[in-house]
Amino acid sequence: MVHYETLKEAKAIDSHLVAVTFENGQRGVFDCAPYFSQSYWSKLNDPEFFKTAYVECGHLTWPGDIDISPLEVWEDAARVKV
């Protein structure tokens with residue numbers, strides 16, 4: 001069984017990075033650039049659209065039902081010491 005935390009907060013900090021805080025208080029930075037070439041996430045290439053990131057039901061989300069699972073964010077986020 002894989003352990004992961006759901007997201008509590010998310011804020012775009014540039015054109016492809018999102019600062020995230022998980023429910024357990026752990027913080028990190030998630031790089032979304034690897035998703036940009038896939039059609040489902042192609043809208044994230046627009047820097048203004050990318051800035052609209054938010055958390056919904058523990059997922060990293062953008063308008064139009066675009067999201068990234070908390071498991072992916074948990075596994076790939078670079079951890080930040082708090």
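**Exercise 1.** In this predicted model, which strand holds Thr 21, and is Thr 21 buried or exposed?

*Solution.* Start with the address: Thr 21 sits in strand S2, which covers residues 17–22. Next, look up the relative accessibility of Thr 21, which is 14%. The cut-off for buried is under 20%. So, at 14%, Thr 21 counts as buried. To finish, see who surrounds Thr 21: skipping neighbours within four places in sequence, Thr 21 is in contact with Leu 7, Lys 8, Glu 9, Gln 26 and Arg 27.

**Exercise 2.** Work out where Leu 71 belongs and what Leu 71 touches.

*Solution.* First, find Leu 71 in helix H2, residues 70–76. Then check its relative accessible area: the value is 27%. Buried needs under 20% and exposed needs over 50%, so Leu 71 lands in the partly exposed class. Now for its contacts: if you don't count residues up to four places away in sequence, Leu 71 touches Val 2 and Tyr 4. Finally, try a distance: Leu 71 and Gly 58 are 13 residues apart along the chain, and their C-alpha atoms are separated by 9.8 Å.

**Exercise 3.** In what order do the three strands of the open sheet run, and which ones are the edge strands?

*Solution.* Begin with the order, S4-S5-S6, with antiparallel pairing. The edges are strand S4 (54–56) and strand S6 (66–68), since each pairs on one side only. From one strand to the next, the twist averages 40 degrees. Now zoom in on strand S5 (residues 59–62): S5 and S6 pair over three bridges, in the antiparallel sense. Look for Thr 61 too, which stands opposite Asp 67 in S6.

Key: Residues numbered from 1 in each chain as written. Predicted model: local features only at pLDDT ≥ 70, side-chain atom pairs only at ≥ 80, totals over all residues. Heavy atoms only, no water. Pairing = 2+ DSSP bridges. Helix = DSSP H or I, 4+ residues; strand = E, 2+ residues; numbered from the N terminus. Axes fitted to C-alpha atoms, helices over the stretch in contact; angles between N-to-C directions. Buried < 20%, exposed > 50% of the residue type's maximum accessible area, 1.4 Å probe, protein only. Contact = heavy atoms within 4.5 Å.
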